[in-house]
Amino acid sequence: MSSNESLANLLKEERRFAPPEELAAAANVTAEAYEQAAADRLEFWAAQADRLTWSTKPTETLDWSNPPFAKWFADGKLNVTYNCVDRHVEAGHGDRVALHFEGEPGDARTITYAQLKDEVSRAANALTELGVTAGDRVAIYLPMIPEAVIAMLACARIGAPHSVVFGGFSADALATRIGDADARVVITADGGYRRGKPSALKPAVDEALTKPGTEGVRSVLVVRRTGQETAWAEGRDVWWHDLVPRQSDQHTPQAFDAEHPLFILYTSGTTGKPKGILHTTGGYLTQASYTHHAVFDLKPETDVFWCTADIGWVTGHSYIVYGPLSNGATQVLYEGTPDSPHQGRWWEIIQKYGVTILYTAPTAIRTYMKWGEDIPAKFDLSSLRLLGSVGEPINPEAWVWYRKHIGADRTPIVDTWWQTETGAMMISPLPGLTTTKPGSAQTPLPGIAATVIDDEGNEVPNGSGGYLVLTEPWPSMLRTIWGDDQRYLDTYWSRFENRYFAGDGAKKDEDGDIWLLGRVDDVMLVSGHNISTTEVESALVSHPKVAEAAVVGASDPTTGQAIAAFVILRGSATEDENLVEELRTHVAKQLGPIAKPKRILPVAELPKTRSGKIMRRLLRDVAENRQLGDVTTLTDSTVMDLIQSKLPAAP
Ligand code: WT7
């Protein structure tokens with residue numbers, strides 16, 4: 001197989017959407033940004049660092065003398081929380097709403113920037129009273145409530161790196177993360193509301209702290225959210241409401257070095273123990289702030305921004321906490337699930353708060369497609385002016401559905417490619433500038449250098465596929481894997497010399513725009529052709545009866561691998577023999593006979609990680625009649641039983 005052929009390039013998507021004139025005319029970022037960055041990348045980033053308030057302005061931009069260990073703005077000093085809170089109050093915006101909090105049971109709280117400053121100052125004083133000092137790690141295991149944001153900002157304010165652990169993770173997962181970071185304090189809650197009922201969190205902390213490796217934890221700070229019965233360890237556990245409100249609301253932020261650690265965030269990876277991705281202060285905040293301003297075209301006086309991610313993922317870190325707050329945004333923070341108490345909850349929230357910018361994931365969009373467009377149609381979504389997507393390749397049909405049924409065929413969509421490791425967005429259209437193509441993240445942002453290369457490391461020509469790499473360091477890049485520099489080198493920098501290997505397949509189209517094709521591990525090899533799971537899935541989703549699809553390559557004696565597809569049908573569609581045949585023919589028509597799935601199985605649900613990514617590895621196990629691998633990171637492990645029960649008995 002020639003390298004140009006690596007990763008098939010089959011799908012033709014011809015639809016184009018120009019930016020609305022009004023948005024283009026007033027856009028935060030224009031073509032000039034690309035020109036400036038192309039002329040001098042480092043000067044461009046130095047100029048973006050000026051968005052922040054530094055106590056000591058940096059004179060150095062990038063120190064790359066010991067690659068791949070980067071230092072950005074190394075002689076500068078700043079306080080992240082001052083940048084996210086205090087400076088907006090000092091600039092006279094204290095009365096602006098920072099957070100519109102909506103609890104799942106329907107309780108709501110409005111927090112202005114002035115109130116946020118008081119709350120964060122009290123929490124910072126409280127952590128200091130618990131003995132937390134700069135450099136100590138703090139684990140945060142909270143539901144999506146304002147205290148999660150306050151706790152992160154309080155940590156940043158005193159220079160204590162936080163490690164947020166998603167509230168849906170088990171006691172074991174929590175223990176591993178507490179142990180690896182050697183946390184001193186855990187901030188948690190009695191519970192949170194999920195699917196219409198209280199769901200306990202504190203018992204998982206209690207259990208985690210019985211496990212070896214967690215002995216460094218001295219205190220557990222507990223927010224009362226649900227009021228459920230909670231076991232108590234005297235001398236270790238402290239109620240937030242006993243400790244925090246009695247603190248002074250005055251707290252002087254201290255300036256930290258630009259390379260001071262800001263947070264650790266664990267990514268599971270496919271094998272081995274989770275990787276603690278380390279992000280630092282000045283470069284991270286510069287890029288989180290700039291990309292939020294540029295890609296969402298944020299107008300802090302008038303926009304209401306809503307990122308639906310959980311604070312336990314990097315999306316929540318960069319686009320609920322650090323990006324939006326550094327830009328003085330007004331935001332919605334929602335605690336619960338999209339279907340509690342009804343399937344229109346998100347659209348009701350958009351109507352209630354007049355949300356103008358929505359940032360969500362393809363998995364959510366496809367779920368809403370499955371539930372049907374009559375649900376969003378019941379609400380007034382006319383405040384929306386911009387939509388974003390992140391987390392997975394978005395199927396062109398889901399993109400078009402999103403624009404039509406949520407964006408009234410009017411709003412641009414920004415499909416933003418990035419990773420926990422990149423810290424902030426890397427590849428995305430700019431809403432006032434880019435003529436968008438459904439399914440493509442398109443262009444590296446100003447100041448970002450990304451390309452697609454083949455097995456030998458040569459850049460592929462337009463029209464070909466290969467591996468996505470980043471060819472220059474960027475301000476919000478991970479600095480290492482916590483406690484494991486070697487793993488940092490091995491995972492990201494050893495496959496191709498001097499280039500960061502993202503682990504994603506991608507292709508460049510005839511215009512040089514980038515299309516993401518999914519994780520390289522998921523690519524299928526059928527009769528000598530590399531075929532991307534993403535493209536076959538998108539072809540299936542382009543059939544009117546399919547809401548969602550997951551495709552895997554199962555070993556096959558004649559073709560090497562054969563394509564097996566699992567599909568979720570849209571609302572009213574019913575499965576029968578003819579439908580399966582119709583879908584196979586549809587894919588063959590869209591992509592060519594080589595991509596025609598050998599088997600298609602309609603299912604009710606697909607196995608997903610807690611951040612919404614399809615776990616193809618488990619579907620491969622099913623398709624190859626193997627015992628299932630590790631299912632502990634699944635949202636719902638019964639999904640696999642359901643899928644297996646639909647299969648003919650193993651031979
Ligand atoms: C992986 C990173 C970035 C925040 C959420 C996920 C996939 C992410 C896109 C996109 C295609 C995407 C990639 C990437 N991904 N955004 N717009 N188009 N794929 O963070 O859990 O670190 O996952 O998500 O495969 O490598 P993460």
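This report walks through selected parts of a predicted model, from the surroundings of its ligand to a helix, a sheet and a few unusual backbone spots.

## Around the ligand

Let's start where a biochemist often looks first. The shell around the ligand holds 21 residues, and those that come nearest are Pro393, Trp417, Gln419, Thr420 and Leu516. Three elements each give two or more residues to this shell: helix α11 (314-326) and the strands β24 and β25. Of these, β24 provides the largest share, with 3 residues.

What is the mix of nonpolar, polar and charged residues in the shell? There are 9 nonpolar residues, 8 polar ones and 4 charged ones.

## The strands behind the shell

Strand β24 covers residues 500-508, and 7 of its 9 residues are buried, so the rest of the structure largely encloses this strand. Strand β25 (residues 514-519) is in a similar setting: 5 of its 6 residues are buried, so β25 too is largely enclosed.

The two strands run antiparallel and are joined by 4 bridges. They make a hairpin with 5 residues between them, and in the turn Gly512 has a positive phi of about 85 degrees. If you want to trace the pairing on screen, Ala506 has Leu516 of β25 as its bridge partner, while Lys507 has Trp515. Leu516 is worth a second look, as it is also among the residues that come nearest to the ligand.

β24 has another antiparallel partner, strand β22 (residues 465-470), to which it is joined by 5 bridges. Here Gly466 stands opposite Ala506 of β24. Ala506 is thus matched with Gly466 as well as with Leu516 in β25. As a reminder, strands of a sheet pair through backbone hydrogen bonds, either parallel or antiparallel.

## Helix α18 and its two sides

Helix α18 runs over residues 577-591, which makes 15 residues. At 1.5 Å a residue the helix should span 21 Å, and its end C-alpha atoms lie 22 Å apart, which agrees. Just after the helix comes Gly592, with a positive phi near 110 degrees.

Which residues of α18 are buried? They are Leu583, Val587 and Leu591. Seen down the helix axis, the buried residues fall within an arc of 40 degrees, so they line one face of α18. The spacing fits a familiar rule: an α-helix has 3.6 residues a turn, so residues three or four places apart point the same way.

The cover over these buried residues includes helix α17 (533-541) and the strands β28 (546-556), β29 (560-569) and β30 (599-602). On the face turned away from the buried side, you will find the exposed residues Glu577, Asn578, Glu581 and Lys589.

## An open sheet and one of its residues

Elsewhere, 8 strands form an open sheet with mixed pairing, in the order β12-β11-β8-β6-β7-β14-β15-β23. Its edge strands, β12 (237-239) and β23 (480-481), each pair on one side only. Within the sheet, β6 (residues 138-141) and β7 (residues 162-164) run parallel, joined by 3 bridges. Val138 stands opposite His162 of β7.

Ile140 sits in β6. Is Ile140 buried or exposed? It has 24 C-beta neighbours inside 10 Å, so Ile140 counts as buried. Beyond its neighbours within four places in sequence, Ile140 is in contact with Ala148, Ala151, Met152, His162, Val164, Val165 and Ile187. The C-alpha atoms of Ile140 and Val185 are 8.5 Å apart, although 45 residues separate the two in sequence.

## Unusual backbone spots

Two cis peptide bonds deserve a visit. One joins Pro67 and Pro68, with omega about 0 degrees, and Pro68 is in the loop between β1 (62-63) and β2 (71-72). Another joins Ser340 and Pro341, with omega about -5 degrees; Pro341 lies in the loop between β17 (330-334) and α12 (345-353).

Positive phi values also turn up in residues other than glycine. Asp409 has phi near 60 degrees and is placed in the loop between α15 (396-406) and β20 (413-415). With 10 C-beta neighbours inside 10 Å, Asp409 counts as exposed. Asn625 has phi near 55 degrees and lies in the loop between α19 (616-623) and α20 (638-645). Asn625 is partly exposed, with 13 other C-beta atoms within 10 Å.

Notes: Residues numbered from 1 in each chain as written. Predicted model: local features only at pLDDT ≥ 70, side-chain atom pairs only at ≥ 80, totals over all residues. Buried ≥ 20, exposed ≤ 12 C-beta atoms within 10 Å, placed from the backbone. Pairing = 2+ DSSP bridges. Near = placed C-beta within 6 Å. Nonpolar A, V, L, I, M, F, W, Y, C, P; charged D, E, K, R; others polar. Expected span 1.5 Å × (residues − 1). Arc of directions from axis to C-beta. Contact = placed C-beta atoms within 7 Å.
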